[in-house]
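Q: Please take a close look at one part of this predicted model: the place where the two chains meet. Walk me through it, and say how far the prediction can be trusted there and elsewhere.

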Amino acid sequence: MQLEIKIALFGGVVPGVVALATLLPAWWRAKKRGTLAHAGDERPARDGPVWLAPVLVFVAFAGADYAVNGPPHWWTPHGPYRFIHAVGLMCALGVLEGLVRVPVWIAAVLRAAALAGVVWMLGSPYSGPDAFVPTHDYIGWMLAMTIGGSAAITLADRGAQLMRGAFTPIVLLALVGGAAKVAEMNTLGFAAQTAPALVAVLTNVLIVSAFVRGIRLDRGGVTAVLGVVYAWLAGTYFQAYALSMPVLVLVALSPIGLACAAAMPKRPWPVRLGVCLIVTGVCLGAAAWVSTLAAPAGDDSGDPDPYAGYVAP
Amino acid sequence: MKTAFAAGLLTLAGAGAVLGGWTSSAATATAESATAQRTDTVTYGVDPVHSNVLFKIRHAGVSNFYGQFQKFTGEVQFDKADFTASSVSFEIDIDSVDTDNSKRDEHIKGADFFNARQYPKTTFKSTSIVDNGDGTYSMTGDMTFFGQTKPVTAHVTDLSTGVMRGTPVLGFEASFQIKRSDWGMTKYLADDGGEGGGLGNTVSITVAVEAGAE
């Protein structure tokens, strides 16, 4: 099977079908039970099967990872083959968040711990006294990801909590697409190859929102999706050849776009959606622009570069 | 009488000195000869300017793609009388991969393929060289690549020696193949582990060496 077909099938079509086949009946059943609150409704209500989204994110990512890397291993010494383990950790946390309601601060601590695990999995093979990443840089990255990443995910999760239905998947689709493109511009082609898996899940959440307005991605879904994005970020820094640090910082800040919804609870939802998309777009657009500026110059032969539009196989 | 005695003493002293010197020289010469007989190998350092490290891999199942490494070092402990008694060691800087396209080079040495930041070097150290009887040799050694060390056997051809600007030089070409999946590099591999995927499984490596005596 051709590589592109394999990626499209296992990292897009199959996860999409599985997502629709599970999300729609699960959330429809919750709706029929009358336990869902509508968008903007601040009443505490049963949340529905919120644990399902992180499961679907992992299944989709695993399909894409299999298409690119082949069968996974329980563990591997090779850093680039540990993405499935890092994403599995974040999705497991997402499932836990969906099943067990905990105070916000505990959720933030758990997210920080999981992100520390992500940094360790993807960064430890490259870190050490004589390794590419000095120990103090590695520790700095660990602190930045755990504190900053946890804060960003927690704020984004709060925004998703207040805006249900189609809102969150629309913003996350923009975020995932932009982050994957920036990561690919910084030589992590794997991000572009696994992004369709997330798109497949989020698109089907969007579809289901047409039938079930109360579908939501907070308490698990946001953690899982942003966990993948932060795994890309760590991979771009430690494993690939990231063009500049500001690019990584901008991508790390992009979930704040979703968090903006929480800052405008009284505004109409189209305004909130517009602001969220603009903030997300500004962060990722700036990251892409900086990547373009920081990209190495082409060859000096003067002849047209036949690989000017090189795309990873 | 006294003069004759002194002259005799001087003569004896002189003879003794000459005899001692000769003996010492002879001993040194003997020792040097013995040393030379015990160490017939000469160290040759690989000349990176006149050597090449090339690799070939199947792309998209339809074409052969070639690349090379620009930075490497090596040493040949060359026994001129018996090449099978020689040894070869080599180290390649993975970050120096060159495919004539800077974007592709960045991609290849990144996480998706060579993972140069985790495995910056590839090394080879020969353990045995066998004469095939047809002017070629089979050189077996330990190759460390992608964090693992495995034995490989290279086919050595075109072994030659000469002198270049007064310096003894030698040259040969070594070629071998590996299955990248054996080393844990499975990206874009076909389901059957063959050559039909985005990138093939078999990597052909050719090392053309020119080395000068040190």
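A: Between chain A and chain B, 15 residue pairs are in polar contact, both partners being at pLDDT 80 or more. On the side of chain A that touches chain B, four elements give two or more residues each: α1 (3-32), α2 (52-69), α7 (189-209) and α8 (221-238) of chain A. The residues on that side of chain A divide into 22 nonpolar, seven polar and two charged.

Now the extent of the interface. In contact are 31 residues of chain A and 29 residues of chain B. Together the two chains bury about 2600 Å². Carbon and sulfur atoms account for 49% of that area.

Charge pairing comes next. Over all chains the count is nine salt bridges. Between chain A and chain B the count is one. Its partners are B:Asp191 and A:Lys6, with the closest N and O atoms 2.4 Å apart. B:Asp191 sits in the loop between β10 and β11 of chain B, and A:Lys6 sits in helix α1 of chain A. Helix α1 of chain A is also one of the elements giving two or more residues to the side that touches chain B.

The loop between β10 and β11 deserves a second look. Aromatic pairs number 21 over all chains. One of them joins B:Phe113 and B:Tyr188: the ring centres are 5.3 Å apart and the planes stand at 65 degrees, so the pair is edge-to-face. B:Tyr188 lies in the loop between β10 (167-179) and β11 (199-213) of chain B, and B:Phe113 in the loop between α2 (102-108) and β7 (121-131) of chain B, so the pair ties together parts that are 75 residues apart in sequence.

Finally, confidence. For the complex, the predictor gives an ipTM of 0.76 and a pTM of 0.83. Chain A averages a pLDDT of 89, with 91% of its residues scoring at least 70. Among the elements of chain A, helix α3 (residues 83-99) has the highest mean pLDDT, 97, and helix α10 (residues 256-263) the lowest, 88. Residues 299-303 of chain A stay under 50, and the model has one contact for them beyond four places in sequence. Chain B averages a pLDDT of 86, and 82% of its residues score at least 70. Over residues 16-38 of chain B the pLDDT is below 50, and this stretch has zero contacts beyond near neighbours in sequence. Where pLDDT is low, predicted coordinates should not be read in detail.

Methods
Residues numbered from 1 in each chain as written. Chains lettered and ligands numbered in written order. Predicted model: local features only at pLDDT ≥ 70, side-chain atom pairs only at ≥ 80, totals over all residues. Heavy atoms only, no water. pLDDT = per-residue confidence, 0-100. Contact = heavy atoms within 4.5 Å. Buried area = accessible area lost by both parts, 1.4 Å probe. Salt bridge = Lys/Arg side-chain N within 4 Å of Asp/Glu carboxyl O. Polar contact = N/O pair within 3.5 Å; in protein donor to acceptor, adjacent residues only side chain to side chain. Nonpolar A, V, L, I, M, F, W, Y, C, P; charged D, E, K, R; others polar. Phe/Tyr/Trp six-rings, centres within 6.5 Å; stacked < 30°, edge-to-face > 60°.
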